[in-house]
Amino acid sequence: MQRPYVILNAGMTLDGKIATRTRDTKISGKEDLERVHRIRERVDAIMVGIGTVLDDDPRLTVHRIESERERNPTRVVVDSRARTPPGARVLSEEAPTIIAVSRAAPEERLRVLRERGASIVVCGESRVDLPCLMRELYERGIRSLLLEGGGTLNFSMLRHGLVDEVSVAIAPVLVGGREAVTLVDGEGFATIEEGVHLRLKRYYPLGKDFILEYEVVR
Ligand SMILES: NC(=O)c1ccc[n+]([C@@H]2O[C@H](COP(=O)([O-])OP(=O)(O)OC[C@H]3O[C@@H](n4cnc5c(N)ncnc54)[C@H](OP(=O)(O)O)[C@@H]3O)[C@@H](O)[C@H]2O)c1
């Protein structure tokens, strides 16, 4: 299947959380945030789940570094029922935005999102069919994609074998919490053998954090 090359990236605590139980996400330092923006700068698209849009209201643009790029990467929100708020920053005019929905998305909400300038991609019956979405994005010229979570979408992308690289910034902090969001949530794999296996490519300290870069082996 032809699909974009996918890099999953997150800033996480040493205990694997990407947001605390109150959804605080100020985890990694300034140097790491700049590193993330340098990855954003070299990809065609940046993708998040609707949970991340509702919790963080991210802009998903390249703005923390000086960039030669003329246009920001395309933003993609995985949002089965078109719950993206019309005032969300991800719909700003700074970059094109694709809202990926399922056939269960109410027509009225789609109309409002189109009016706000978003392109709608329909994949799947009740939930967004991710392999279908990856094919659609490839057909629209998207060859590389930065997956910025959250934990639910990360698991689905990994389970479908749609991730090529994983990079994390590990911050020197522990926050715990059963209700906190981890790097990979969802249903989870039953055994280690069924898990997604990685090969460490590169590791280095960056500011207060430590960066680990892996490629997905299987
Ligand atoms: N530290 C970091 O680097 C970092 C990065 C990103 C996010 N985060 C944090 O992560 C948290 C959000 O994570 P989250 O797990 O709650 O939400 P999420 O992964 O951002 O979004 C999950 C939602 O996406 C929708 N979705 C549609 N199709 C899907 C599919 N096939 N598979 C999976 N999801 C699908 C579902 O909602 P529908 O059924 O309504 O479509 C699902 O509930 C936020 O608090 C954010 O701050 C942290």
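**Exercise 1. Find the residue with positive phi that follows helix H4, and describe how far the helix is covered.**

Step 1. In this predicted model, helix H4 is followed by Gly-141, a residue whose phi is positive and lies near 90 degrees.

Step 2. Turning to the helix, which runs over residues 130-139, we find that seven of its ten residues are buried, and H4 is therefore described as mostly covered. The buried residues of H4 are Leu-130, Pro-131, Cys-132, Leu-133, Met-134, Leu-137 and Tyr-138.

Step 3. At the start of H4, a side-chain oxygen of Asp-129 comes to within 3.1 Å of the backbone nitrogen of Cys-132.

**Exercise 2. Describe helix H5 and the residues on either side of it.**

Step 1. Before the helix comes the loop between strand E7 (144-147) and H5, and Gly-150 is found in this loop. The peptide bond that leads from Gly-149 to Gly-150 is cis, with an omega near 0 degrees.

Step 2. Helix H5 is mostly covered, since seven of its nine residues are buried; they are Gly-151, Leu-153, Asn-154, Phe-155, Ser-156, Met-157 and Leu-158.

Step 3. After the helix comes Gly-161, which has a positive phi near 65 degrees.

**Exercise 3. Decide whether Arg-40 is buried or exposed, and state which side chain it contacts.**

Step 1. Arg-40 is found in helix H1, which covers residues 30-42.

Step 2. The relative accessibility of Arg-40 is 7%, and because a residue under 20% is called buried, Arg-40 counts as buried.

Step 3. The side chain of Arg-40 makes a polar contact of 2.8 Å with the side chain of Glu-148, and Glu-148 is also one of the residues that come nearest to the ligand.

**Exercise 4. Describe the surroundings of the ligand, going from single atoms to the whole shell.**

Step 1. A polar side-chain atom of Asp-56 lies 2.6 Å from an oxygen atom of the ligand, an N or O atom in the side chain of Arg-81 is 2.8 Å from a ligand oxygen, and a backbone N or O atom of Gly-51 lies 3.2 Å from a ligand oxygen. On its own the ligand has 920 Å² of accessible area, of which the protein covers 88%.

Step 2. There are 29 residues around the ligand, and those that come nearest are Asp-56, Ser-80, Glu-148, Thr-152 and Ser-156.

Step 3. Strand E1 (5-13), strand E2 (17-19), helix H2 (50-56) and helix H5 (151-159) each supply at least two residues of this shell, and H2 gives the most, with five.

Step 4. Sorted by class, the shell holds ten nonpolar, eleven polar and eight charged residues.

**Exercise 5. State which residues lie closest to the centre of the second largest pocket, and classify its lining.**

Step 1. The second largest pocket holds about 230 Å³ of space. It is lined by 14 residues, of which Leu-158, Leu-183, Val-184, Val-196 and Leu-198 are closest to its centre.

Step 2. E1, H5 and strand E8 (165-171) each supply at least two residues of the lining, which has twelve nonpolar, two polar and no charged residues.

**Exercise 6. Describe the positive phi values of Arg-23 and Asp-57, and say where these residues are found.**

Step 1. Arg-23, in the loop between E2 and H1, is a residue other than glycine with a positive phi, near 70 degrees. Its relative accessibility is 32%, so Arg-23 counts as partly exposed.

Step 2. Asp-57, in the loop between H2 and strand E4 (74-78), likewise has a positive phi, near 50 degrees. With a relative accessible area of 28%, Asp-57 is partly exposed.

Conventions: Residues numbered from 1 in each chain as written. Predicted model: local features only at pLDDT ≥ 70, side-chain atom pairs only at ≥ 80, totals over all residues. Heavy atoms only, no water. Near = heavy atom within 4 Å. Polar contact = N/O pair within 3.5 Å; in protein donor to acceptor, adjacent residues only side chain to side chain. Areas by Shrake-Rupley, 256 points an atom, 1.4 Å probe, with all protein chains shown as cover. Helix = DSSP H or I, 4+ residues; strand = E, 2+ residues; numbered from the N terminus. Nonpolar A, V, L, I, M, F, W, Y, C, P; charged D, E, K, R; others polar. 1 Å grid on protein atoms, 1.4 Å probe; cavity = no way out; pocket = protein on both sides within 12 Å on 5 of 7 lines; lining within 4 Å. Points joined across faces, edges and corners; volume = space filled by probe spheres on them. Buried < 20%, exposed > 50% of the residue type's maximum accessible area, 1.4 Å probe, protein only.
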